[in-house]
Each structure stands twice: as structure tokens, then as C-alpha cells.
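Reader: I am new to this structure and would like a close look at one part of it, taken slowly. Please walk me through the place where two of its helices are tied to each other, and then set that place in its wider surroundings.

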Amino acid sequence: MKILVLCLIALAIADKYDQFRAFDEDEFGRTLIDTLQMQMSTGEPIARFIEIMRNLEISIENEQKEDDKANNEYQNQCTEDIKVLQQESANLERRTVEIQSILDELEPLRSYKQGQADAKNAWKIETEKKLADLVKKRETEKAEFDKKVEEHDYATFVIETVRRMFSDKSQSFLQLNNESQWQKVRDYFINASEQAKKFEIKKSYSKIFNVLAEIANSAQSEDFQNSPTVNRIVNLCDLMLKQIEDSKALETKAEQKRLNMFMLEKGNFDKDLTSLNNALAQLNAAILGLDNRIQDQKRDLTDYNTRLSAKNKQSEDRGGECREKAYNYQLTREKREQKRQLVSQIIGAFSANQRDFSEYVKLRGQAGDFKGKNFQILGNPTED
């Protein structure tokens, strides 16, 4: 029955208490009305509630002012911190650009120097090959000349021996006109002819020695003392010795000319190689120096890029902290402003409609919702 009466009363004055119900639907507003209900239950003057509410409103405003000040200081510090971090990042980035600019100069220069060194080295290899070919050619020429000298000397020795045999009239084996001795002379010529066949250059000496053998054979039946063949052999030997000497002189002269030409060409090659080696040494030293500088610059670039990434991360993190702080500040400010407005509205509503507000609070208390848990002025009780 009690509940029914209250419901009828509530329906009758529902519009009258709409504003008060709105306060009660808010958790903070419910707490404020609970405070008013407590004031009324203790018998304290209602003016005391108004004073508490005004003090609460002032306290909220002061808290917000302090929070505004703290937030402004914090955000100013954020701006300064981020500015410093961004400047440090800009300095690091500028340094990376400078280092990269240095690398952009050093690396092409290094490639250019390497190209020069490769060209010089190729030239050196070609020069060394030409020098080796020249030395090999010279060795071949020298061996050929030595062979010619050997063959000339052998022919000279054979002919001088023959000449002595026929020009020295004290030779007993000729004076004896003994066939066996003559056979030895013929055999000597024939043996020399066989040896001459093995010559690599003057193979014609073999035929000459055969002719001498035939001449010696024809002279066997003649008187040694007055034989025209013997004189012919001696003259022929002199002629041949002169020809051999002239031929050897020509070969020696040609050999000297070849040697002089070889020394001249070898000297030029040696000069070229010395120049190339000096140039290569300078280029290799320059390349090594550039490699060291490039390595140092790349190491510095890696270091500065790492520091730049870390600084950018630090700046991003600091910016995130500041944005989060600003977001939380804005949420707190909005909630505090809602509370302040609610306090102000309650003060205004209570001051303008003190009697109706007091009746609402009494009805709220009679409904057993001292803490605002069960009573609903809307006319929908939660218990019988």
C-alpha cells in the first residue's frame, strides 16, 4: 500500500522532479544528493549544503586551474624537448648527408684510380711479355751465333791441320809416299766431312772436306817435293781460311749489332717497367689511402645512421608520451568540467526550487534509496 501511494504521488509530480532525477542518474550527482540527504537527516541547516557545494565547485575550478597550469608547463616542456630532439636529429641527418657526399666523391675517385692501376698493370704485363720475348729471341740468336762460331772454329781447325800436313815438308808420312799414310789423310777428311754433315748452319763444309779428300787421293802418286796438287791444296786452304775468317768476322759484326739492338730495346723496356712500377706503387698507395678513408667514412655513416634512428625513436617516444599526457589531460578536464557543471546545476536547482528539491530528497529517502541504489522517481519501484 505504501509503495502504491508513493507511485501515485510520483506520477503526479513526475514532471516536477525531472531535473532532480537527471542529477540522480549520474554517479557523482547521486553522491551529491546523498550528501544533501545526510545533511537533512542530521538536521544541519540547508545553507550548509549550499556552502559545501559552492566550496566543492571552487575546489573543482582550482584543481582544474592547477591542472591547466601543470599541463601547460608539461606541454611546453614537451615542445622544448621535442624541439631539442628534432634539432639533434637534424644535426645527425646533416652529418650523414655530409658523409655521404664525401663518399660520393671518394668512391668514384677510387674507381678511377683502380681503372688507372688496371690499365698500368695490363701495360706492365704486356711490356714484361715483350721483354721476355725479346730475351728469348736474344737467347736464340746467341745460341745460333755460338753454334756458327763453333762450326767456323771446327772448319778452321780442320783446314789448318790439312794445310800443315801439306805445307810442312818435313812430314815423314807424306815424304815416304806411303799409301797407308795417305789413307790416313783421306780418312781424316772423310771423318771431318761426316762431322760437318751434323752442322746446323754451315753444312756446306761437308762437301769442301770431301773435295779435299779427293784432292789428297789424287796427290798420292805425285812427287811430294814438286807436286802442283800439293801447292793447290795449300793455296785452297789459305783461301778457305780467309773466307772462314771473313765469314766469322761478318757473323761477329752482325752479332754485335743484334746485341746492341737488344740492349737498346731491353733498356727501353726496363725504363718502361721502372716507370710503370713507380706509377703502380703510387696508384696502389693512393687506392689504399682511399680504401682507408672510405672505410672510415662508411663506419662513421653507419654510426651516425644508428644514432639518427635512435634519436628519431626517442623523439617519437617523447611525442607519444606528450600526446598521451594531453589526451589524458583532456579526458580529466572534460570529466572535471562535467562535475563542476553538475555541482553548479545542483546549486542552481536547489537555490531556485529549494522546497521541491527537499521534497524530492525526502521521497527518495522514504523509498529506501539513501545511497541511490534502489529508489527510482520515474515511478518504477524495484521492490514491493
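**Where α4 and α8 are tied together**

Author: K311 is buried, with a relative accessible area of 18%, and this makes a good place to begin in what is a predicted model. The side chain of K311 meets that of E88 in a salt bridge, with 2.7 Å from N to O. This pair links distant parts of the chain, since E88 belongs to helix α4 and K311 to helix α8, 223 residues apart. E88, for its part, has a relative accessible area of 31% and is partly exposed.

From K311 we can turn to S315, which is also found in helix α8. S315 has a relative accessibility of 14% and counts as buried. Leaving aside its neighbours within four places in sequence, S315 is in contact with I82, L85 and Q86.

The next tie is a disulfide, which joins C78 to C322 with an S to S distance of 1.9 Å. In general terms, a disulfide is a covalent bond between the sulfur atoms of two cysteines. Here C78 sits in helix α4 and C322 in helix α8, so that the pair links distant parts of the chain, 244 residues apart. The torsion about the S-S bond of C78 and C322 is about -95 degrees, and the disulfide is therefore left-handed. C78 is buried at a relative accessible area of 2%, and C322 counts as buried as well, at 4% relative accessibility. A search of the whole structure finds one disulfide.

Two further salt bridges deserve attention. In one of them, the side chains of D68 and R333 meet at 3.4 Å, N to O. D68 lies in helix α4 and R333 in helix α8, so this pair ties together parts that are 265 residues apart in sequence. D68 counts as buried at 17% relative accessibility, whereas R333 is partly exposed, with a relative accessible area of 32%.

In the other, E61 forms a salt bridge with R340, and the closest N and O atoms are 3.8 Å apart. E61 lies in helix α4 and R340 in helix α8, so these two residues tie together parts that are 279 residues apart in sequence. At 30% relative accessibility, E61 counts as partly exposed. E61 and R340 also take part in a network of salt bridges that links them with E57 and E337. A search of the whole structure finds 26 salt bridges.

The same two helices enter the largest nonpolar core, which has 17 residues, and those with the most contacts inside it are F23, F49, I346 and F357. The elements that give two or more residues to this core are α3, α4, α8 and α9, and α8 gives the most, with six residues. Leaving aside its neighbours within four places in sequence, F23 touches several residues, among them I33, L342, I346 and F357. In α3, the buried residues include G29, L32, I33 and L36.

To step back to the whole, the protein has nine helices and zero strands. Of its 384 residues, 32% count as buried. Among contacts between residues at least 6 apart in sequence, 79% join residues at least 24 apart.

Technical notes: Residues numbered from 1 in each chain as written. Predicted model: local features only at pLDDT ≥ 70, side-chain atom pairs only at ≥ 80, totals over all residues. Heavy atoms only, no water. Core = buried A, V, L, I, M, F, W, Y, C linked by side-chain atoms within 4.5 Å. Buried < 20%, exposed > 50% of the residue type's maximum accessible area, 1.4 Å probe, protein only. Helix = DSSP H or I, 4+ residues; strand = E, 2+ residues; numbered from the N terminus. Contact = heavy atoms within 4.5 Å. Disulfide = S-S within 2.5 Å. Salt bridge = Lys/Arg side-chain N within 4 Å of Asp/Glu carboxyl O.
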